[in-house]
Amino acid sequence: MWEAVRFLLFSSVESFAAFSLMLSIYRLKPLEFLWPGLFSFLIMNLISFFLREQMSLSFMVPAISTIIFILLITTVVRVPILWAAIMAMTGMFIYTAFQALVILSLFGSFTEDMQYSSAGTVVQIVTSAWTFFFVWILLKFKIGFTAEFERLRFAWEHIAVIALIIVGLIASATVMFYNNLLFIILVLALVAGLFLYYAVVKEREELSSKDD
């Protein structure tokens with residue numbers, strides 16, 4: 001029980017640190033998206049835990065995490081999907097580089113069991129702390145890139161986002177169903193609902209405000 005709680009807690013902090021890095025590189029403020037972000041990361045890491053512990057599908061975790069980051073940036077932060085992918089990839093690359101440096105500095109090399117041990121928790125804490133400090137510097141001194149996001153927004157983009165959410169939900173739920181993890185199916189439905197809310201309802205609100 002404690003192992004699951006530890007994993008979810010520190011992995012969620014780690015995910016928010018990576019998410020903050022993704023946004024701050026482009027001068028966006030991550031605290032404005034704190035609550036939907038934390039909710040999404042809790043679900044993301046719950047899925048990650050079960051994929052690793054219950055199904056031995058750890059190779060799927062990076063891909064799923066990247067998709068959730070892209071969907072979060074697209075639907076909640078309201079960034080076009082192409083830019084969201086660029087931001088997610090850039091942030092994950094830099095965060096992974098930070099983490100590699102921390103591992104080399106503290107332990108000399110990476111071992112497979114590190115992610116399930118106290119050493120892995122130390123790596124998560126130290127990497128997240130340094131990342132949050134780096135994010136603070138970027139925002140404090142207004143360092144980073146500025147981009148005209150709307151120039152890469154496509155008319156059919158929200159349809160693609162909704163389709164991606166539905167396909168991802170069906171695929172994940174199918175895997176979970178055959179492993180009798182009905183609770184995870186419910187949770188997946190909740191996070192999909194969150195993304196759909198921002199993708200559809202917020203889109204309508206923006207269009208109606210433009211008409212006014």
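## A tour that starts at Val61

Begin by selecting Val61, which touches Ser48, Leu51 and Arg52, leaving out residues up to four places away in sequence; contact here means heavy atoms within 4.5 Å. Bear in mind that this is a predicted model, where local features need pLDDT of at least 70 and side-chain atom pairs count only at pLDDT 80 or more, while totals for chains, interfaces and linings use all residues. Residues are numbered from 1 along each chain as its sequence is written, and side-chain values use heavy atoms, with hydrogens and water left out.

Stay with Val61 for a moment. Val61 sits in helix 3; helices (H or I, at least four residues) and strands (E, at least two) are DSSP runs, numbered from the N terminus. Is Val61 buried or exposed? Its relative accessibility is 7%, so Val61 counts as buried (buried is under 20% relative accessible area, exposed over 50%, partly exposed in between, with a 1.4 Å probe and protein chains only). Now add Asn45, 16 residues away along the chain: the two C-alpha atoms are 8.9 Å apart.

**Zoom out.** The protein chain has seven helices and zero strands. Of its 212 residues, 42% count as buried. Among contacts with a separation of 6 or more, 76% join residues 24 or more positions apart.

**Select the core.** Show Phe19, Leu23, Phe41, Phe69, Ile73 and Val77, which touch the most other members of the largest nonpolar core, a set of 33 residues. Such a core is made of buried Ala, Val, Leu, Ile, Met, Phe, Trp, Tyr and Cys residues joined through side-chain atoms within 4.5 Å. At least two residues of this core come from each of helix 1, helix 2 (34–53), helix 3 (61–75), helix 4 and helix 5. Another core, of six residues, lies apart from it and includes Phe7, Leu8, Phe49 and Phe50.

Centre on Phe69 next. Beyond its neighbours within four places in sequence, Phe69 is in contact with Ser15, Ala18, Phe19, Met22, Phe41, Met44, Ala88 and Met92.

**Follow helix 4.** Select residues 81–106 and compare the ends: 26 residues at 1.5 Å each should span 38 Å, and the end C-alpha atoms are 37 Å apart, which agrees. The expected span is 1.5 Å times one less than the number of residues. Buried residues here include Trp83, Met87, Gly91, Tyr95, Gln99 and Val102. Step just past the helix to Gly108, which has a positive phi of about 85 degrees.

**Move to helix 5.** This helix covers residues 118–140. Its 23 residues should span 33 Å, and its end C-alpha atoms are 33 Å apart, which agrees. Helix 1 (2–24) and helix 4 are among what covers its buried residues. One of those buried residues is Thr121, with a relative accessible area of 8%. Leaving aside neighbours within four places in sequence, Thr121 is in contact with Arg6 and Phe10.

Now turn to Phe133 in the same helix, which is partly exposed at 43% relative accessible area. Add Trp130, Trp136, Phe141 and Ile143, and you have a nonpolar surface patch of about 600 Å². Nonpolar patches join side chains of Val, Leu, Ile, Met, Phe, Trp and Tyr within 5 Å, from residues with over 30% relative accessible area and no salt bridge (a side-chain nitrogen of Lys or Arg within 4 Å of a carboxyl oxygen of Asp or Glu). Finish at Lys142, which follows helix 5 and has a positive phi near 55 degrees.

Definitions and conventions. Patches are made of residues with over 30% relative accessible area and no salt bridge: like charges are joined within 9 Å, nonpolar side chains (Val, Leu, Ile, Met, Phe, Trp, Tyr) within 5 Å. Accessible areas come from the Shrake-Rupley method with a 1.4 Å probe; for residues, only the protein chains shown count as cover.
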